[in-house]
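Student: I would like to take a close look at one kind of contact between side chains. Could you walk me through it slowly, and explain each term as it comes up?

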Amino acid sequence: MSLSQFAEIILPLPLEGTFTYILPEKKKVSVGVRVVVPFGKKKIYTGIVSYIHGKIPQDYQPKEILDILDHESIINETQLSFFRWMSDYYMCSLGEVMNAALPAALKLSSESFVGLNPHVDPEKANVEESERALLHVLKIHDLSVKEVGEFLNLKHPQKRIKKLAEGGFIDLFEQVKDKYQPRKVKRIRIKDFWLEGNHLELLLAKLESKPKQQDILLSYLREIPILENSKNNEKGILKSTLLKDDLSAHSLKTLIRNEILEEWEENISRINQDTNKRDTAEVTLSHEQEIALHDLRETLTTQPTTLFHGITGSGKTEIYICLIKEQLKRGNQVLYLLPEIALTTQIIKRLQRLFGNTFGVYHSRYSDNERVEVWRKVLTGDFQFVVGVRSAVFLPFSNLGLIVVDEEHEPSYKQYEPAPRYHARDAAIYLSILHKSNAILGTATPSLESYKNALDGKYGLVQLAKRFGDAYEPEITYANIRKERKQNTLKGNFSSELINAIEQSLEKKEQIIIFQNRRGYAAYITCDHCATIPKCANCAVSLTYHQFNNKLICHYCGYNQAMYSDCLHCGSKELRPVGFGTEELEEELKLIFPQAIIKRMDLDTTRSKYSYQRIIESLENQEIDILVGTQMVSKGFDFDKVNLVGIFDTDRIIHFPNFRSYERAYQLITQVSGRAGRKSKHGKVIIQTNDPQQQLLRIINDNNYFSFYKLEIKDRERFHYPPFTRLITITFKHRDKKTSFQAANFFYHEISKRLTNQRMIGPVEPIVGKIRTFYLHEITLKMAKQGVNLPATKKYLKSVALFMQTLPSFRSVGVVFDVDPV
Ligand code: ADP
Ligand code: ZN
Ligand code: ZN
């Protein structure tokens, strides 16, 4: 035994630490490879080797590693350090970090699912017979890894699954649904036979009597010059293009039936469509951009992190591109982070024209296979540059030179559920330090945290305060809803001021964006007779009415039920919608402007992979006059023809009960406003409010971030909120309300014994006190920035939670730590 080596393995479990296993003899194992190990009595997991050593564990007899899945590491040492930091800082297990980091296909956990690659025909696949039988089953339905094991009669099928996945026969994913469906188009070409000798000539002569069929053939020959080069026939023509010129679809069918033409389906891949067109033309930076670029280069040499504060439309992206090119020239890797919703075809196309196919896109909307592809190409060095959403921080970079965090203020950089509840901006800053490189945080509306760090000299600060080109900042006006309501000039929810402005824009053929940060039709439904409001069965929230499918839907858990015509409580038919969402605004607009083309962009209209891009493209192609949307419309869009933005429900955003509500409102309104007039002189923003005089709105009108900062930072200091303190929120979850409350109380008293100098809020019921049948109670710790040993405090809090869960009455209470909640 003394010769044998041991390995520490990270398992995908919410358990502390790593687990010791015996290395198999005569097999090479290195840090960062995946191994298959037994765990507990029956379970088999795929884990990652994090450390190899010769120290025999004292307290238990380790088991042997069953199998090794990789020859080369798929995770490097820097990543392992990063994972360890994340698990410590965000108070979760290494396994949870690993789970978030690895695409499902790399994890091969027994809960992963396997499906047939839609391009594969099981009959023709070059596989063993037992595997072919498996592919036939997968054609009908997906199987879990465990079920595959049972089917193939293998105790641990991971290696076989890996082989089939690498051969492209199967796909792996986390859930049964969510499968990657390639987009297909139909193409038409002439059958080879007719290209030989003079066959084509004879055919055309013969078709004299069938003019419609002849038309089609001639049309094809006009579009595809096969007479010059018969090779052109191979790619054929899009069926839709061919049929565009009023040709008969029926005759086309006949031609196909008679084997003159043939039709086939082509898979078109995600975004790479015109990547051979490289844009070599250099843009010329404006004077202001040149200065900003110069300043950034300066601060990058003296400061690890720099805040780049440039107003909307100032042209930050071109500056990032210059810096990215410089890094790539030096042989360094670059990561460009964007919030989920801002990562659009617009930005990808722009980058593709510049960098061709040498960079990767890491997006949660992509299939797992696509994500694995990016992972591998970063590993092999094929991708030196990646643009991605928050989870891209986990990619196997080995020599990052620069991380750009665009829209650094975006709350969606923070992961809520499940653990690790990390903030990708903050994680990126740590990651850049691990790589001894730089991070640039870019935004028009900095978070208070980042701005304070910049003013305190912890970050560099570079400003760009002028819009690019001839564009001015948009003019903001306020429409007084309260007044208009009294004067009876409202049309539905629209002020006369906004209606007039829309009318003018439509006349000028300009586009309009309407922003309402609530989807659905009505916020809730109430009975006019007994005032009953339909509530979710699982959560403490009212159900939102959606007219398009006539349903009441819970926005927290997705619970839904058909809308009813009579009150469930008293039977009255007088049900009234209260509060409005995007759906209702869309409908009102259609009534007021019947000739305008109106589209809606919210969670409900963008569920499928391409729907979001499709809406953006039609806005770009000016096939939409008015776009109504939630905060999805606020993120980094760049449309030339949008010159009017209308903002609804401003007061609700401003007065949301959260210490960040002013910051959010400022950011949201400024960002949405920033979509107006990006390429022209007269962008206009109309904000509907009950109180145009309120302080925040006056400040937004000045469009001076610093005055906002001065106002807000005072309150943060007075009430001990970040950036003056650090917050940790601890949530207690249980199906029984009393147990949840008692657990929170117990915890509170336990920690008050030791953390006497901390400010603690709670235990309280959060705004939504019940989610997915679990009752919640919260404690929030406000920890001073100085004089608190943060790592020790976190360890202590975790130990109290573990201790609490050993007590019989609290054993089944869930405890969730959220570090730096947003
Ligand atoms: P920001 O991200 O700061 O809001 P963008 O980078 O999207 O602004 O730039 C705003 C607009 O100005 C875009 O349409 C962009 O193409 C254009 N633009 C910026 N810089 C230049 C430049 N140097 N030359 C030409 N167009 C530019
Ligand atoms: Zn009623
Ligand atoms: Zn619910």
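Tutor: Let us begin with D67 and K159, whose side chains meet in a salt bridge with 3.2 Å from N to O; a salt bridge here is a side-chain nitrogen of Lys or Arg within 4 Å of a carboxyl oxygen of Asp or Glu. D67 lies in strand β6 (residues 67-68) and K159 in helix α6 (residues 158-166), so this pair ties together parts that are 92 residues apart in sequence. Helices (H or I, at least four residues) and strands (E, at least two) are DSSP runs, numbered from the N terminus.

Before going further, please keep in mind that this is a predicted model, in which local features need pLDDT of at least 70 and side-chain atom pairs count only at pLDDT 80 or more, while totals for chains, interfaces and linings use all residues. Residues are numbered from 1 along each chain as its sequence is written, chains are lettered from A and ligands numbered from 1 in the order in which they are written, and side-chain values use heavy atoms, with hydrogens and water left out.

The two partners of the first pair sit in unlike surroundings: D67 is buried, with a relative accessible area of 12%, whereas K159 is partly exposed, at 42%. Buried means under 20% relative accessible area, exposed over 50%, and partly exposed in between (1.4 Å probe, protein chains only).

Helix α6 also holds E166, whose side chain meets that of R376 in a salt bridge of 3.7 Å, N to O. Since R376 belongs to helix α14 (residues 368-380), this pair ties together parts that are 210 residues apart in sequence. E166 is exposed, with a relative accessible area of 52%, and R376, at 30%, counts as partly exposed.

A salt bridge can also join residues within one helix, as D715 and R718 show, their closest N and O atoms being 3.1 Å apart. These two residues are three apart in helix α24 (residues 705-718), and are therefore separated by about one helical turn. Of this pair, D715 is partly exposed, with a relative accessible area of 32%, while R718 is exposed, with 54%. Elsewhere, salt bridges that share partners join E449, R660, E663, E712 and R716 into one network.

For the structure as a whole, the count by this rule comes to 35 salt bridges.
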